[in-house]
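Student: I've just opened this one and don't know my way around yet. Could you walk me through it?

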Amino acid sequence: MTLPDLADLWVELDGAVRYGVRAQALVEHAPNLVRLLVPDDTTPLVIRAIAAEGLLRLAVTGLGGAQGAAVAALVGLADGMGGQPLGVRREHAAAALGLTGWALQKPARRDGLLLGLAVEVCRVLHTVRNDQRRP
């Protein structure tokens with residue numbers, strides 16, 4: 001099994017930010033992100049969405065520090081951020097980075113955070129898949 005294309009992953013993450021990346025939001029608003037992260041078509045979408053959320057949580061944890069806290073807030077994985085509007089999540093993400101919410105509306109800042117998450121997701125997937133191959 002190959003890793004998802006980084007550009008495709010970034011595009012799907014960018015589209016998912018509006019609603020967050022918790023399993024329910026993934027099923028409702030970002031099924032293509034689920035398909036990209038957990039491509040097994042024999043498993044129901046909801047189960048794959050739960051796995052995709054878990055994978056995204058691992059990636060956010062792997063980012064660590066201020067960047068990890070900002071990404072967790074932005075995508076709705078931080079405590080208290082699930083179901084919050086994007087503006088609220090953006091304010092919390094910006095605060096984690098010592099910025100204003102307006103600064104995270106700038107494409108370069110937001111894109112940088114999501115690209116970091118996409119790279120970390122690929123790293124986690126690579127590690128998991130290599131661990132599965134070991135006897």
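**A walk through the model**

Tutor: Sure, and keep in mind that this is a predicted model. Let's start with glutamate 53, which is buried, with a relative accessible area of 14%.

Student: Which helix does glutamate 53 lie in?

Tutor: Look for the run of residues 45-63, which is helix 4. Glutamate 53 belongs to that run, so the answer is helix 4.

Student: What does glutamate 53 touch, not counting residues up to four places away in sequence?

Tutor: Skip the sequence neighbours up to four places away, and look at what is left in contact with glutamate 53. Glutamate 53 is a buried residue, at 14% relative accessible area. The residues it touches are Val21, Arg22, Ala23, Leu26 and Leu77.

Student: Which residue forms a salt bridge with glutamate 53?

Tutor: Side chains of opposite charge can pair when their charged atoms come close. Here the closest N and O atoms are 2.9 Å apart, and the cut-off for a salt bridge is 4 Å. The two residues sit four places apart in helix 4, so about one helical turn separates them. The partner of glutamate 53 is arginine 57.

Student: Is arginine 57 buried or partly exposed?

Tutor: Buried would need a relative accessible area under 20%, and exposed one over 50%. Arginine 57 has 32% relative accessibility, so it counts as partly exposed.

Student: How many salt bridges are there by this rule?

Tutor: One is the pair of glutamate 53 and arginine 57. Another joins aspartate 14 to arginine 110, and arginine 123 also forms one with glutamate 120. By this rule the count is three.

Student: How many residues apart are aspartate 14 and arginine 110?

Tutor: Their side chains meet in a salt bridge, 2.7 Å from N to O. This pair links distant parts of the chain, with aspartate 14 in helix 1 (residues 6-16) and arginine 110 in helix 7. Aspartate 14 itself is partly exposed, at 23% relative accessible area. Along the chain, the distance between the two is 96 residues.

Student: Arginine 123 and glutamate 120: which is buried and which is partly exposed?

Tutor: Both lie in helix 7, three residues apart, or about one turn of the helix. Their closest N and O atoms are 2.5 Å apart. Arginine 123, at 41% relative accessibility, is partly exposed. With a relative accessible area of 10%, the buried one is glutamate 120.

Student: Leaving aside neighbours within four places in sequence, what is glutamate 120 in contact with?

Tutor: Start from glutamate 120 in helix 7 and set aside the neighbours within four places in sequence. The contacts that remain are Ala59, Gly62 and Leu63.

Student: Helix 5 and helix 6: are they roughly parallel or antiparallel?

Tutor: The axes of helix 5 (residues 65-74) and helix 6 (residues 86-97) come within 7 Å and cross at roughly 175°. Angles over 145 degrees count as roughly antiparallel. That makes this pair roughly antiparallel.

Student: Which residues of helix 5 make the contact?

Tutor: On the helix 6 side, the contact includes Leu86, Arg89 and His92. On the helix 5 side, it is made by Ala66, Gln67, Ala69, Ala70, Ala73 and Leu74.

Student: And which residues make the nonpolar surface patch?

Tutor: The patch covers about 220 Å². One of its members is leucine 115 in helix 7 (residues 107-133), and that residue is partly exposed, with a relative accessible area of 40%. The full set is Leu6, Leu115 and Val119.

Notes: Residues numbered from 1 in each chain as written. Predicted model: local features only at pLDDT ≥ 70, side-chain atom pairs only at ≥ 80, totals over all residues. Heavy atoms only, no water. Patch = residues over 30% accessible without salt bridge, like charges linked within 9 Å, V, L, I, M, F, W, Y side chains within 5 Å. Areas by Shrake-Rupley, 256 points an atom, 1.4 Å probe, with all protein chains shown as cover. Buried < 20%, exposed > 50% of the residue type's maximum accessible area, 1.4 Å probe, protein only. Axes fitted to C-alpha atoms, helices over the stretch in contact; angles between N-to-C directions. Parallel < 35°, antiparallel > 145°, perpendicular 65-115°, else oblique. Contact = heavy atoms within 4.5 Å.
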